[in-house]
Amino acid sequence: MTGNNCIEVAADHRGIAIRESSDPHAVLTTDPTALRAFLRGVKEGHFHLSAG
């Protein structure tokens with residue numbers, strides 16, 4: 001990992017807000033249940049992410 005790559009996560013009135021620190025105007029909003037399911041899938045290796 002290089003640079004200052006950072007994902008920021010916060011709770012707000014719409015749910016869970018997620019953004020990339022280098023592009024703070026692009027915000028993804030989700031709910032706790034969906035975020036929990038996504039993180040579980042990542043931990044279990046259900047997604048193939050390639051660097052590039």
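A residue counts as buried under 20% relative accessible area, exposed over 50%, and partly exposed in between. In this predicted model, Arg19 has a relative accessible area of 33%, so Arg19 is partly exposed. Glu8 lands in that middle class too, with a relative accessibility of 32%.

These two residues turn out to be partners. The structure holds 1 salt bridge, and it is the side chains of Arg19 and Glu8 that meet in it, at 2.5 Å from N to O. The pair ties together distant parts of the chain: Glu8 sits in strand 1 (residues 7–12) and Arg19 in strand 2 (residues 15–20), with the two residues 11 apart.

Next comes a greasier bit of the surface. Phe38, Leu39, Val42 and Phe47 make up a nonpolar patch there, and together they offer about 360 Å² of accessible area. One of them, Val42, belongs to helix 1 (residues 32–43). With a relative accessible area of 39%, Val42 is partly exposed.

Two other members of the patch, Phe38 and Phe47, bring rings along. The count of aromatic pairs comes to 1. The ring centres of Phe38 and Phe47 are 5.4 Å apart and the planes sit at 45°, so this pair goes down as tilted. That follows because planes under 30 degrees apart would count as stacked and planes over 60 as edge-to-face. As for how open these rings' residues are, Phe38 is partly exposed at 44% relative accessibility, and Phe47 is partly exposed at 43%.

Notes: Residues are numbered from 1 along each chain as its sequence is written. This is a predicted model: local features need pLDDT of at least 70, side-chain atom pairs count only at pLDDT 80 or more; totals for chains, interfaces and linings use all residues. Side-chain values use heavy atoms; hydrogens and water are left out. A salt bridge is a side-chain nitrogen of Lys or Arg within 4 Å of a carboxyl oxygen of Asp or Glu. Helices (H or I, at least four residues) and strands (E, at least two) are DSSP runs, numbered from the N terminus. Buried means under 20% relative accessible area, exposed over 50%, partly exposed in between (1.4 Å probe, protein chains only). Patches are made of residues with over 30% relative accessible area and no salt bridge: like charges are joined within 9 Å, nonpolar side chains (Val, Leu, Ile, Met, Phe, Trp, Tyr) within 5 Å. Accessible areas come from the Shrake-Rupley method with a 1.4 Å probe; for residues, only the protein chains shown count as cover. Rings of Phe, Tyr and Trp (its six-membered ring) pair if their centres lie within 6.5 Å; planes under 30 degrees apart count as stacked, over 60 as edge-to-face and the rest as tilted.
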